[in-house]
Amino acid sequence: VPTLRVAIIDMNGAVDWPVIGEALRGDAGAIPTIAFGSHMDVDNLRAAKASGVTRVVSNGQFHREIAALMERYRRS
């Protein structure tokens, strides 16, 4: 049975932060979560952090650092 090691949230579309926040306060909170989106979308960046996302990065940072991010958080 596969085990989820890292969750990734693409903030470039609509995101239901209340639902994600509720999940992260429950059992899913043990799963490292990375959200990425536009650095100009301050509301989404703040909502991601408030929801309990482990790491929030810009689109560019996500694409540059995806391998390092996966390596770091899949072992958490």
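Okay, a definition to begin with: buried means under 20% relative accessible area, exposed means over 50%, and partly exposed is in between, with a 1.4 Å probe and protein chains only as cover. Take Thr-54, which at 41% relative accessibility counts as partly exposed. We'll come back to that residue.

What you have in front of you is a predicted model, so local features need pLDDT of at least 70, side-chain atom pairs count only at pLDDT 80 or more, and totals for chains, interfaces and linings use all residues. Residues are numbered from 1 along each chain as its sequence is written, and side-chain values use heavy atoms, with hydrogens and water left out.

Right, the overall layout. The chain has three helices and three strands, and from the N terminus on they run β-α-β-α-β-α. Helices here are DSSP runs of H or I with at least four residues, strands are runs of E with at least two, and both are numbered from the N terminus.

How big is the thing? Along its principal axes the C-alpha trace spans about 35 × 30 × 15 Å. The radius of gyration of the chain is 12 Å, which agrees with the value near 11 Å that a compact globule of 76 residues would have. That radius is taken over C-alpha atoms, and the globule rule is 2.2 Å times the number of residues to the power 0.38.

Of the 76 residues, 33% count as buried. The chain exposes about 5000 Å², and carbon and sulfur atoms supply 53% of that; those areas come from the Shrake-Rupley method with a 1.4 Å probe.

Next, contacts, meaning heavy atoms within 4.5 Å. Among the contacts with a separation of 6 or more, 57% are between residues 24 or more positions apart.

Now let's go through the helices. Which residues of H1 are buried? In H1, residues 17–25, they are Trp-17, Ile-20, Gly-21 and Leu-24. Seen down the axis of H1, these fall within an arc of 100°, so they line one face of the helix. The arc is that of the directions from the helix axis to the C-beta atoms. As a reminder, an α-helix has 3.6 residues a turn, so residues three or four places apart point the same way. On the face of H1 turned away from the buried side you'll find the exposed residues Pro-18, Val-19 and Glu-22. And what do the buried residues of H1 pack against? Strand S1 (7–10), strand S2 (33–37) and helix H2 (42–51).

H2 can be read in that way too. Its buried residues are Asn-44, Leu-45, Ala-48 and Ser-51. Down the axis of H2 they fall within an arc of 130°, so they line one face of that helix. Asp-43, Arg-46, Lys-49 and Ala-50 are exposed on the face turned away from the buried side. The buried residues of H2 pack against H1, S2 and strand S3 (55–58).

Just after H2 comes Gly-52, with a positive phi near 100°. Gly-52 lies in the loop between H2 and S3 and is partly exposed, at 45% relative accessible area. Gly-52 and Gly-21 are 31 residues apart in sequence, yet their C-alpha atoms are 6.3 Å apart in space.

Back to Thr-54, as promised. Thr-54 also sits in the loop between H2 and S3. Leaving out residues up to four places away in sequence, Thr-54 touches Ile-31, Pro-32, Thr-33 and Tyr-73. C-alpha to C-alpha, Thr-54 is 9.9 Å from Val-6, with their positions 48 residues apart in sequence.

Last stop, H3, residues 59–74, where His-63 has its place. Is His-63 buried or exposed? His-63 counts as exposed, at 57% relative accessibility. The C-alpha atoms of His-63 and Pro-18 are separated by 26 Å, and the two residues are 45 apart along the chain.

Met-70 is in H3 as well, and is partly exposed with a relative accessible area of 23%. Which residues does Met-70 touch, not counting those up to four places away in sequence? The answer is Val-6, Ile-8 and Ile-34. For Met-70 and Ile-8, the sequence separation is 62 residues and the C-alpha distance is 9.8 Å.

That's the tour, so over to you for questions.
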